[in-house]
Amino acid sequence: MGLLMVGGVAWWAVKHYTGNVDRISGVFPTQVPAAAQPAPSEGGQTFLLVGVDSRSELPTTGRDAKAPEWKYGAQRSDTMMLVHLPADHSGAYVVSLPRDAWVDIPGHGKAKLNAAFSWGGPPLLIDTVQRLTKVRVDHLAVIDWDGFKNLTDSLGGVDLVVDGASRHMNGTQALTYVRERHHLARGDFDRTHRQQYFLRTVLAKVMRPTTFTNPVKAGKVLDDLTAAVSVDDRLGDGDLRDLLWDNRNVRPGNMVFMNAPAKGTDMISGQSVVLLDAGAGADLWRSMRKDTVDDYLQSHDVDRLGATTS
């Protein structure tokens, strides 16, 4: 994490901007049977990061939200990532869950994972992910890709490698890049890597000291960043500042991005779906619960984001 803890940013700015982050109430599931409640992890914290693909043209998250954060059938979560922050604050592990993963959704039977958010908002999505992985979700963070479009423009655009060539993209172009799906060789798997690559690139540019040499530009970047992100209301301002301070040395270079283990794709009921690998996934989720993801990476083949992606 460490988004705001970069060279040139004073602690007063951190206090100010963490207070600007919007909070979402009622995100955690209730009335879940005890047998379906995962135990707390043995170390670190795990966030569920949700990227919202809203059918409404109005912002749905952040300070500028004008539409409901969730309305039945109106919003889709096109990005779902479990982000594990280890207890030693040595890095971060980001695991993308394919939106088309064919999973059990409580009360609805089998369906694509992103349907859980459309049908029941954050509580149903968290319940579904927790039952799937048996990993306790400590906190929720929601981003609207339109907000990251504005952030990208505030940063002066980003440079992304596409088909072996570097391309400079503004916010609109970057949004098209991360939403591309049908013309990618591996479909959803490449799409999630594009999302990871874009997020890593944006974070790297936010955390450059040069971003904050101009106070006006710095203020615009931090305004757009905090306006694009919402978190659950269990994460108070003090908790968020502690989180940033504890992870102040984490940079994109020591963040590991990967896809959840999958067997491949299939057609079910006329839908193209992703089939997760329950056996390989069990090892990953166990390592997340035990705060031993680094050990897992040393002993397993992983669909991991490389230095660049197309």
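**Note on aromatic pairs, cores and helix contacts**

1. The structure, a predicted model, holds 4 aromatic pairs. One of them is formed by Trp-145 and Phe-198: the ring centres are 6.0 Å apart and the planes stand at 45°, so the pair is tilted. Trp-145 belongs to helix 3 (residues 145-154) and Phe-198 to helix 5, so the pair ties together parts that are 53 residues apart in sequence.

2. Are the two residues of this pair buried or exposed? Trp-145 has 0% relative accessibility and counts as buried. Phe-198 is buried as well, with a relative accessible area of 2%. Both values fall under the 20% limit for a buried residue.

3. A second pair consists of Tyr-177 and Tyr-197. Their ring centres are 6.5 Å apart and their planes are at 65°, so this pair is edge-to-face; the cut-off for that class is over 60 degrees. Tyr-177 is in helix 4 (residues 171-179) and Tyr-197 in helix 5, which puts the partners 20 residues apart and links distant parts of the chain. Tyr-177 and Tyr-197 are both buried.

4. Trp-145 and Phe-198 also belong to an aromatic cluster, with Phe-148 as a further member. These three residues appear again in the largest nonpolar core, which has 41 residues: Trp-145, Phe-148, Phe-198 and Val-202 touch the most other members. Helix 5 (residues 188-206) gives the most to this core, contributing 6 residues. Apart from this core lies another, of 39 residues, including Val-52, Tyr-93, Ala-111 and Phe-189. In soluble globular proteins, nonpolar side chains tend to be buried together.

5. Which residues does Trp-145 contact, leaving aside its neighbours within four places in sequence? The list runs through Gly-51, Val-52, Asp-78 and Thr-79, then Leu-175, Val-178 and Arg-179, and ends with Gln-195, Phe-198 and Leu-199. Among these is Phe-198, the partner in the tilted pair.

6. Helix 3 also meets helix 6 (residues 215-228): the two axes come within 8 Å and cross at roughly 170°. That angle makes helix 3 roughly antiparallel to helix 6, since the class takes angles over 145 degrees. On the side of helix 3, the contact is made by Gly-147, Phe-148, Asn-150, Leu-151 and Ser-154. Helix 6 supplies Lys-217, Lys-220, Val-221, Asp-224, Leu-225 and Ala-228. Phe-148 is thus one of the contact residues and a member of the aromatic cluster.

7. Gln-196 is a polar entry to set beside the aromatic residues of helix 5, where it lies. At 0% relative accessibility, Gln-196 counts as buried. Not counting neighbours within four places in sequence, Gln-196 is in contact with Met-81, Ser-96, Phe-257, Met-258, Asn-259 and Leu-305.

8. Leu-140 is found in strand 7 (residues 139-144) and counts as buried, at 2% relative accessibility. Leu-140 and Asp-232 are 92 residues apart in sequence, but their C-alpha atoms are 5.5 Å apart in space. Beyond residues up to four places away in sequence, Leu-140 touches Val-27, Leu-48, Val-50, Pro-122 and Ile-126, together with Ser-230, Val-231 and Asp-232.

9. One last point concerns a charged side chain and a ring. Arg-234 lies over the face of Phe-28, at 3.8 Å from the ring centre.

Note on methods:
Residues are numbered from 1 along each chain as its sequence is written. This is a predicted model: local features need pLDDT of at least 70, side-chain atom pairs count only at pLDDT 80 or more; totals for chains, interfaces and linings use all residues. Side-chain values use heavy atoms; hydrogens and water are left out. A nonpolar core is a set of buried Ala, Val, Leu, Ile, Met, Phe, Trp, Tyr and Cys residues joined through side-chain atoms within 4.5 Å. Buried means under 20% relative accessible area, exposed over 50%, partly exposed in between (1.4 Å probe, protein chains only). Helices (H or I, at least four residues) and strands (E, at least two) are DSSP runs, numbered from the N terminus. Contact means heavy atoms within 4.5 Å. Rings of Phe, Tyr and Trp (its six-membered ring) pair if their centres lie within 6.5 Å; planes under 30 degrees apart count as stacked, over 60 as edge-to-face and the rest as tilted. A charge sits over a ring if NZ of Lys or CZ of Arg is within 6 Å of the ring centre and within 35 degrees of the ring normal. Axes are lines fitted to C-alpha atoms, for helices over the stretch in contact, and angles run from 0 to 180 degrees between N-to-C directions. Angles under 35 degrees count as roughly parallel, over 145 as roughly antiparallel, 65 to 115 as roughly perpendicular and the rest as oblique.
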